[in-house]
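Colleague: I would like to go through the terms used for this model and see what stands behind each of them.

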Amino acid sequence: MKWFSEFIKTLQPRIREIRMSFYLLNRNRLQRVSLVIICILVLIAIFAPLISPFPSHAISATNPGDKLLPPSSKYIFGTDELGRDMFSRVIFGTRISLVTAIIAVGLALLIGVPLGAIAGGVGGVVDEIIMRITDVFLSFPPLLLAIAIAAFLGPNLENAILAIIVSWWPWYTRIIRGQAVSIRERQFVRAARAIGTPMPRIIFGHILPNTLAPVIVQASMDFGSVILTIAALSFLGIGAQPPTPEWGLLISTSRTYFMNAWWYSTFPGIAIFITVLVFNLIGDGIREVLDPRTRKF
Amino acid sequence: MGVFFEIKNLSVGFRTFESERRVLDIESLSINRGETFGLVGESGAGKTVLALTILGLLPKPAGVIHSGEIWFDGEDLLKKSEKEMTDQYRGKRITMIFQDPMSTLNPVFTVGQQIENVIKKQQSLKGSQCTRRAAELLDTVKLPDVASMLKKYPHELSGGQRQRIIIAMALACGAEFLIADEPTRNLDVTIQAGILKLIGDLQKELKISVLFIANNVGLVNVVCKNAGILYQGKVVEAGSSGSVIRKPKHPYTQMLISAIPRDKSEKLKFASIMIKPEAINGCPYYSRCPIAVSDCIEQIPMLQPVDGDQRVACFVAAGGSR
Amino acid sequence: MKKFILRRLFLGMIVLLGVVIITFFLTRVIPSDPAAKWVGPRAKPEQIAKARIELGLDKPLYVQFFKYLTDLVQGDLGHSLRTRRPIMLDLKENLPATIELVLISTIAAVFIGIPLGVISAKRKDQWLDHISRLFSVGVVSLPTFWVALIMQLVFFRILGILPMGGQLSTEIKLTMEIPKITGFIIFDSLITGNFRIFFDALWHLIMPGISIALYPIGLVARMTRSALLEILSNDYITAARSYGLKERTVLWSYALKNSVGTTSTVVALSIGYALVNTFLTESIFSWPGIGSYIATAVIGLDYPAIMGVTIFSAIAYVILNLIADIVIALDPRVRT
């Protein structure tokens with residue numbers, strides 16, 4: 001635990017760097033807009049019950065009288081086959097997408113990053129073992145492992161998140177490990193070892209802080225990918241289950257009806273598109289800022 | 001043999017994230033046909049920027065040419081379009097030898113392929129004729145075992161071998177003007193001599209004009225007829241290399257020369273670096289200059305002739321000999 | 001280089017073993033009642049008991065694993081609960097249709113994505129770059145299955161210019177004899193001169209093909225662009241220009257060849273994404289491939305089928321990456 005506080009200490013001088021990065025990020029108009037949209041999405045997620053006109057529709061209430069109505073002033077996105085307001089359901093879906101993304105990416109980072117730092121920092125047999133395991137996990141096509149795990153654990157949202165975490169952490173391990181290996185050979189690390197600094201402190205206090213940049217870029221991009229994955233898993237039936245208003249599940253249910261009820265598929269899909277798009281754009285922006293080579297000047 | 005290459009009032013800047021830095025501020029520099037001109041400056045003085053500017057290869061959008069003219073055989077290069085530069089000048093008439101041969105050779109092609117590509121473009125030969133010419137060139141730069149050398153990749157060669165390949169590539173162009181940007185910088189001292197001799201021999205044989213850029217004033221004396229000293233983007237002294245080296249007039253040149261120990265008995269006279277505040281509107285050397293006077297703070301000295309063909313940009317040095 | 005290939009093959013074997021181990025854990029160890037999963041949710045207790053013996057669940061773990069492995073090597077992936085046939089057979093039947101889609105998307109990714117990335121890098125920050133980047137980032141933000149549905153809605157339901165699904169029109173399927181040489185309708189109809197079938201098949205291929213190809217195109221374009229930006233900032237590019245080499249040569253020969261390593265990795269990755277995209281979109285278009293097979297299996301909790309497709313895809317992907325790595329080894333620098 002002492003190592004963790006060492007790590008936090010190394011972050012202090014970087015605060016200024018982080019602030020400058022934010023400033024740089026905001027210079028591009030597209031990034032500014034994306035940042036604003038993300039804030040709006042977060043607000044929507046937090047205040048969902050207050051914003052939705054029919055919050056109960058998002059959870060379990062049904063309204064059979066108003067089945068499959070096209071968009072109107074009462075039901076902005078129309079209604080589904082049980083008469084529920086699509087607008088409210090899509091809004092509540094924002095909660096699900098954002099929360100699952102944070103949990104999945106966060107936990108995957110929590111597992112993958114230290115493993116990668118240890119593998120790269122210690123080297124030798126430990127490195128080999130960790131990397132072989134990572135390789136095995138990475139050799140599944142993207143999404144496939146998640147599908148298999150989710151299918152076998154039982155189809156529900158929690159298991160889907162678990163499946164994502166299990167298939168995602170190796171990416172971070174590989175990135176961190178690659179960085180750690182090259183940092184390990186640098187002078188300041190050798191110097192630290194020469195004066196007898198204990199290994200954990202070297203790994204967490206010296207190597208790790210310098211490896212974070214690419215992983216931050218990757219993680220910010222991954223928010224978008226995870227949202228797409230959850231939607232895909234729910235679409236297949238092994239993620240969120242009805243009546244949860246997850247966007248992918250909404251699209252899946254819409255299949256039976258959409259030929260005559262275009263609004264059913266369209267709006268959840270647009271929601272996914274916009275959310276993933278802004279996360280991808282921010283991810284791009286973060287990469288441009290953190291990677292000196294792609295900077296303009 | 002007239003002046004065939006001349007720079008007038010060239011001003012080049014580099015844009016960084018925060019501001020723009022003036023990198024080159026050359027009043028005048030001229031080279032005669034068939035002659036070697038050495039340009040000496042410390043790291044960061046703007047030498048490579050000059051080479052790239054001449055060839056029109058400044059990185060955009062960072063590099064900015066504010067003003068100036070670069071006259072090459074009667075034409076102003078700065079007014080040429082990208083297409084004109086590629087088709088008529090680069091390689092064909094002006095070519096360059098780079099500093100770091102490892103980074104300037106394409107790692108995924110054999111050296112033979114790279115030389116042949118240049119030959120194909122510049123000399124319109126085809127097929128086996130190219131290979132034969134490539135072999136000839138390798139011979140000219142005195143590389144042994146030509147046949148197997150052609151099939152090697154850059155990372156399989158030593159530093160000295162790579163530099164000779166770079167020279168061979170430059171020669172493959174058949175240009176009349178060669179810019180050699182610190183060609184021996186990354187080489188061991190023993191190899192340096194060989195490369196210098198090679199460049200000197202080739203220059204005499206092929207009668208090409210050379211702009212030899214270096215950070216070591218001693219090198220320039222060996223190879224070049226005329227020399228110029230570059231300090232922070234300005235030419236502060238110019239003349240025949242003999243005069244500049246044996247009778248340096250500018251305080252900076254004097255410091256450069258005196259920093260070369262000649263023999264053990266001679267006490268090393270290091271000009272103390274007197275740190276004065278910078279003269280923003282005055283002479284760029286002001287802050288380090290031991291002989292500065294009040295004039296130096298207010299005005300930028302221009303190149304004035306002193307003593308024959310030597311010119312110096314210094315109020316004290318120029319004023320003293322008038 | 002031979003040494004490298006051998007070493008890489010060896011590593012590939014280990015990875016393959018790891019994949020098998022993971023799938024083994026998934027099917028036999030993790031579920032609370034593997035036998036029940038094997039025979040499905042509607043099985044009777046006797047069937048479950050029988051399955052338990054068949055799968056050897058009462059025997060020690062390593063014996064189970066050995067049986068699992070030997071079955072695998074012999075191509076015995078078990079039987080699908082739905083079709084009641086050996087899964088291997090099902091896979092073989094469904095494979096060509098999926099391969100058609102994956103092939104198209106890969107070709108599109110390479111021949112549209114790479115040039116897009118190269119041009120984007122060359123004209124960095126100009127309007128062409130901006131459009132291309134917006135396109136790429138937009139396309140990888142789209143859920144594939146949604147694109148498929150919207151396309152169906154617009155082009156079939158509203159405009160009526162493209163078919164709803166299937167590989168061929170019902171009319172053709174009922175009235176004409178479909179050549180079966182390789183199993184690839186497009187190819188077979190072409191070489192037997194059956195142009196009506198060929199064009200019909202092509203017409204049916206449009207929507208599924210586009211839905212699946214979009215993500216890989218965007219992905220490849222993005223990664224090619226960033227790889228090329230890095231390459232173009234190198235000294236040897238400036239040097240090549242100084243020799244007067246045409247920009248066309250510098251870009252498409254000197255620069256691009258340096259990206260072979262990243263490119264092959266990206267192409268392998270995009271094939272993986274294309275494959276996974278088929279899982280999501282085939283059932284929408286009633287496309288008779290592995291994708292709809294696994295989609296139906298997932299809904300019907302046909303666990304053996306799910307595992308069968310997973311194992312098969314994983315192994316194929318490992319082999320694919322092996323090939324990509326060998327291509328990377330062709331980079332002369334890796335030889336040392």
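Colleague: How many residues do chain B and chain C each bring to their contact, and what makes two residues count as in contact?

Modeller: Chain B brings 24 residues and chain C brings 20 residues. Two residues are in contact if their C-beta atoms, placed from the backbone, lie within 7 Å. This is a predicted model, so local features need pLDDT of at least 70 and side-chain atom pairs count only at pLDDT 80 or more, while totals for chains, interfaces and linings use all residues. Residues are numbered from 1 along each chain as its sequence is written, and chains are lettered from A and ligands numbered from 1 in the order in which they are written.

Colleague: Which elements of chain B give two or more residues to the side that touches chain C?

Modeller: They are β6 (94–97), α3 (101–104) and α4 (111–123) of chain B. Helices (H or I, at least four residues) and strands (E, at least two) are DSSP runs, numbered from the N terminus. The largest share, four residues, comes from α4(B).

Colleague: How is that side of chain B divided by class?

Modeller: It has 11 nonpolar, nine polar and four charged residues. Ala, Val, Leu, Ile, Met, Phe, Trp, Tyr, Cys and Pro count as nonpolar, Asp, Glu, Lys and Arg as charged, and the others, Gly among them, as polar.

Colleague: What does the contact between chain A and chain C take from each chain?

Modeller: That contact takes 37 residues from chain A and 40 residues from chain C. On the side of chain A that touches chain C, two or more residues come from each of α7 (124–138), α8 (144–153), α11 (199–236) and α13 (262–290) of chain A. The largest share, 10 residues, is from α13(A). By class, this side of chain A divides into 25 nonpolar, seven polar and five charged residues.

Colleague: How many helices and strands does chain C have, and what percentage of its residues count as buried?

Modeller: Chain C has 16 helices and zero strands. Of its 336 residues, 43% count as buried. A residue is buried if 20 or more other C-beta atoms lie within 10 Å of its own, exposed if 12 or fewer, and partly exposed in between, with C-beta atoms placed from the backbone. Along its principal axes the C-alpha trace of chain C spans about 80 × 55 × 40 Å.

Colleague: Why is α5(C) called oblique to α13(C)?

Modeller: The axes of α5 (residues 87–122) and α13 (residues 260–281) of chain C come within 9 Å and cross at roughly 140°. Axes are lines fitted to C-alpha atoms, for helices over the stretch in contact, and angles run from 0 to 180 degrees between N-to-C directions. Angles under 35 degrees count as roughly parallel, over 145 as roughly antiparallel, 65 to 115 as roughly perpendicular and the rest as oblique. The angle falls in the rest, so α5(C) is oblique to α13(C).

Colleague: Which residues make that contact?

Modeller: Among them are C:Leu101, C:Ser105 and C:Ala109 of α5(C), and C:Val267, C:Ile271 and C:Ala274 of α13(C). The contact has nine nonpolar, six polar and no charged residues.

Colleague: What makes β6 and β11 edge strands in the sheet of chain B?

Modeller: The open sheet has eight strands in the order β6-β7-β8-β3-β9-β10-β12-β11 (chain B), with mixed pairing. β6 and β11 (304–305) of chain B each have a single partner strand, so one side of each is left without a neighbour in the sheet.

Colleague: How do you know that β11(B) and β12(B) pair?

Modeller: Two strands pair if DSSP finds at least two bridges between them. Two bridges join β11(B) to β12 (residues 311–312) of chain B, so the pair meets that cut-off. These two strands run antiparallel. β9(B) and β10(B) are also antiparallel, over six bridges.

Colleague: Why is β10(B) described as largely enclosed?

Modeller: Six of the seven residues of β10(B) are buried, so the strand is largely enclosed by the rest of the structure.

Colleague: Is B:Ala147 buried or exposed?

Modeller: B:Ala147, in helix α6 (residues 146–150) of chain B, has 10 C-beta neighbours inside 10 Å and therefore counts as exposed.
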